[in-house]
Structure formats: structure tokens, C-alpha cells
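User: Could you take a close look at one part of this protein for me, the nonpolar core, and walk me through how it is put together? Some context on the rest of the chain would help too.

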Amino acid sequence: MANGIIGKKLGMTQIFNEKGQIVPVTVIQAGPCVVVQRKTANKDGYDAIQIGFIDAPAGKRASKPEKGHCEKHGVAPVRVLRELRIEAESPLKEGDSVLVDAFQEKVKVNVTGISKGKGFAGVIKRHHFAGGRASHGSMFHRAPGSIGGSSDPSRVYPGIRMAGHMGSEQVTVRNLEVAKVDAENNLLLVKGAVPGPKGGFVVIRQEA
């Protein structure tokens, strides 16, 4: 059994738990997925599976290299591919299905996705700097302040927090609880929010 699956974020809603309390959840279309390639320690240096999200319309728009890669391993074309580490003794092979029924309610999962892009942002929005005084006469409101000395070190150290591109980067949210599994409709309801916009793809991994 695979320890993860590819999903498409459909949006957020809320459900009632057994105590009658409202619980915010993210609805994810989890699969169906197919094992496109099996990687082994002997051939590739590590044990893993490459899985693809089955989406017929997207499969038709797959590029030549994507179609060739899938045909080489005997599966229908897919566009969204992700890799999952597995144990060497795992029975999974190319062509096997990875379905949402591999998950159970109440288990903890890690969800990885690409966060929403915010464009160019200043240090207050991007890094939560406090900024300067807002009083009359101040000329230091939303500026970043010093980024390095003039005579020493006469340069800017790598990693200094500055204004720049915000978001649109890989983010993993850990220890989210699976609230509900709808195997019939390939839906996974996860408590809380997950990275990315509606329609964005995420990888849901079960905690070891």
C-alpha cells in the first residue's frame, strides 16, 4: 500500500463532528492515481514509486515527452506526477492503482503543495517586520532598515530578509487530521487549511 496520494484541492467547507461541533475542513479530490514507475535501489539508488493523477482531459493535453514516458511503462498518459518513497519489500508495481480508501478517518497526514503567489511584497507583509513609528516627522515607516555595514562586512550576507517575491513556493503542513473519507467519490476531507489555491495539486502523505 502506498503511503501517499496526489489530490486536487476543491475548496473549504465545514462539517459537524460527533459532538455536534462545527469543524472547518478542506475538500480534496484524492486520486484516483496510478503507479507510473517503480524505482529500485539496484537501478536508481533508492526505492520509490512515481504516481500520476488520473485526469482524462488533462491526459489528452499531455506533451510528447509525458506521453512517451507513460507509454514506456504501459499506463495511460498523465500530466501530474509525484514521487513517494516506499520500502524495498513493497509489492506495488507499475500499473497498480492508488486510491483514497488507503486512508482512514482520524489518522494524521502531511499535506504538501505550492502556496498562493502574492507577487512582490515588502518586508512587513513578507517577513512580519514591525516597521517604524507612524508619528509625524518620522521617515521610517515600512522600510527594512540596515542590511549590512558599510566598512564591515562591506557586503550583504546571504539570507538577509528583504522585500521580494512572496509565496508560490513548496509548503508542507504537518499533522492534519483526516475528518472523513468518501471512497465512492474519491474525496478526502482534512481538518483545517492546506497550501495552494482551488484547483491546485497537493500530495497527502500518511504519518509513519
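Analyst: Here is a walk through the core, then a couple of strand residues, then the overall picture. Keep in mind that this is a predicted model.

Let's start with the core itself. The largest nonpolar core has 28 residues, and the members that touch the most others in it are I49, V109, L188 and I204. As for who supplies it, the elements giving two or more residues are β1 (4–16), β2 (22–30), β3 (33–39), β4 (48–53), β7 (108–114), β10 (170–182), β11 (187–191) and β12 (201–206). That fits a broad rule: nonpolar side chains tend to be buried together in soluble globular proteins.

L188 is a handy place to zoom in. Setting aside neighbours within four places in sequence, L188 is in contact with T26, V27, I28 and A30, then V100 and F103, then V178, K180 and V181, and finally I204. I204 is also one of the four core members with the most partners in the core.

Now for I49, another of those four. Among the residues it meets is Q37, which sits in strand β3 and touches A48, I49, Q50, H69, H73 and E94 once residues up to four places away are skipped. Is Q37 buried or exposed? Q37 counts as buried because its relative accessibility is 15%, with the cut-off for buried being under 20%.

Strand β10 offers a contrasting case in T172. At a relative accessible area of 33%, T172 is partly exposed. Beyond its neighbours within four places in sequence, T172 is in contact with N110, V111 and T112. Following the chain from there, E184 is twelve residues along, and its C-alpha atom is separated from that of T172 by 27 Å.

Zooming out, the protein's secondary structure comes to four helices and twelve strands. Its contacts reach far along the sequence: of those between residues at least 6 apart, 70% join residues at least 24 apart. The radius of gyration is 22 Å, whereas a compact globule of 208 residues would have one near 17 Å. Along the principal axes, the C-alpha atoms fill a box of roughly 70 × 50 × 35 Å.

Then there's the outside. Of the 208 residues, 34% count as buried. The accessible surface is about 12700 Å², with 51% of it belonging to carbon and sulfur atoms. On the charge side, there are 30 positive and 19 negative side chains, and the centres of the two sets lie 11 Å apart.

Definitions and conventions: Residues are numbered from 1 along each chain as its sequence is written. This is a predicted model: local features need pLDDT of at least 70, side-chain atom pairs count only at pLDDT 80 or more; totals for chains, interfaces and linings use all residues. Side-chain values use heavy atoms; hydrogens and water are left out. A nonpolar core is a set of buried Ala, Val, Leu, Ile, Met, Phe, Trp, Tyr and Cys residues joined through side-chain atoms within 4.5 Å. Buried means under 20% relative accessible area, exposed over 50%, partly exposed in between (1.4 Å probe, protein chains only). Contact means heavy atoms within 4.5 Å. The radius of gyration is taken over C-alpha atoms; the globule rule is 2.2 Å times the number of residues to the power 0.38. Accessible areas come from the Shrake-Rupley method with a 1.4 Å probe; for residues, only the protein chains shown count as cover. Lys and Arg count as positive and Asp and Glu as negative; His and the chain ends are not counted. The place of a charge is taken as NZ of Lys, CZ of Arg, CG of Asp or CD of Glu.
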